[in-house]
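Let's take a walk through this protein together, starting with the overall layout and then moving inside. Keep the 3D view open as you read.

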Amino acid sequence: MSRTTAKPMDAIALLKNDHRTVEGLFERFEKTSAKSAKEKIAKQVCLELMVHATIEEEVFYPAVKGIVEDELYNEAFVEHDGAKVLIAEILDGSADEEFFDAKVKVLSEMIKHHVKEEEQRDGLFAQAKKGDVDLEGLGVALAARKKEVIAQFTREFFFDAKTRIVIYTLSPRRAPSLEPNRLE
Ligand SMILES: [Fe+2]
Ligand SMILES: [Fe+2]
């Protein structure tokens, strides 16, 4: 039997997959020494996190509201908001800045803690799994919204055909090279 038709990922598999992508990028950042490469990886991780946070907040979290503990649910939003402050600063910053590496490090620690709260035993995902949630249907909805959000973010970037880099236009001060396709 052909295995070419991949089964869509359920919601939790999709979100965990995003978490692994982000962890891989943070690891690459740690192992990289060239400033320009570090900046590129840092901005990539920020975009991955923005897409991920958006689909969780718009699709996943509302679907599990009332099913998971209120405390965990509320903390998840507050942790996202906390991370967004550093994400905005990193996207707007440069690897030449004194605190750039520290910001990325602190962001990685915040994300590590947050991912643990989502993935640990009896964490947000486990509670959602135990509840009456259509994880397959939710996976399809998350994947669809993810596509839209990536398209929206890509529209907000300016693609420089000559250098084949993408310039982040939300902050005209900076022109980091980003590869929007990586977000897929
Ligand atoms: Fe997450
Ligand atoms: Fe989250």
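Helices and strands here are DSSP runs, with at least four residues for a helix and at least two for a strand, numbered from the N terminus. Counted that way, the protein chain has six helices and two strands. Please bear in mind that this is a predicted model. Reading from the N terminus, the order of elements is α-α-α-α-α-α-β-β.

How are the contacts spread along the chain? Taking contacts with a separation of 6 or more, 67% are between residues 24 or more positions apart. Of the 184 residues in the protein chain, 29% are buried.

Now for the interior. The largest nonpolar core holds 35 residues, and Ala11, Val45 and Leu49 have the most contacts inside it. Two or more residues come from each of helix 1 (11-31), helix 2, helix 3 (70-92), helix 4 (100-119), helix 5 (124-130) and helix 6 (135-155). Helix 2 is the biggest contributor, giving eleven residues.

Helix 2 deserves a closer look. It covers residues 35-64, and at 1.5 Å a residue its 30 residues should span 44 Å; the end C-alpha atoms lie 41 Å apart, which agrees. Along the way, helix 2 bends by about 45° at glutamate 56. After helix 2 comes glycine 66, with a positive phi near 85°.

Helix 1 can be checked in the same manner. Its 21 residues should span 30 Å at 1.5 Å a residue, and the separation of its end C-alpha atoms, 31 Å, agrees with that. Which residues of helix 1 are buried? They are Ala11, Ile12, Leu14, Leu15, Val22, Leu25 and Phe29. As a reminder for reading such a list, an α-helix has 3.6 residues a turn, so residues three or four places apart point the same way. Alanine 11 is worth selecting in your viewer: leaving aside residues up to four places away in sequence, alanine 11 touches Phe60, Leu135, Leu138, Gly139 and Leu142.

Let's finish at valine 149, which sits in helix 6. Is valine 149 buried or partly exposed? A residue needs 20 or more other C-beta atoms within 10 Å to be buried; valine 149 has 18, so it is partly exposed. Even so, valine 149 has partners far away in sequence: its C-alpha atom is 6.3 Å from that of valine 51, although the two are 98 residues apart along the chain. Not counting residues up to four places away in sequence, valine 149 touches Val51, Thr54 and Ile55.

Note on methods:
Residues are numbered from 1 along each chain as its sequence is written. Chains are lettered from A and ligands numbered from 1 in the order in which they are written. This is a predicted model: local features need pLDDT of at least 70, side-chain atom pairs count only at pLDDT 80 or more; totals for chains, interfaces and linings use all residues. The expected span of a helix is 1.5 Å times one less than its number of residues. The bend at a residue is the angle between axes fitted to the seven residues ending there and the seven starting there. A nonpolar core is a set of buried Ala, Val, Leu, Ile, Met, Phe, Trp, Tyr and Cys residues joined through C-beta atoms within 7 Å. A residue is buried if 20 or more other C-beta atoms lie within 10 Å of its own, exposed if 12 or fewer, and partly exposed in between; C-beta atoms are placed from the backbone. Two residues are in contact if their C-beta atoms, placed from the backbone, lie within 7 Å.
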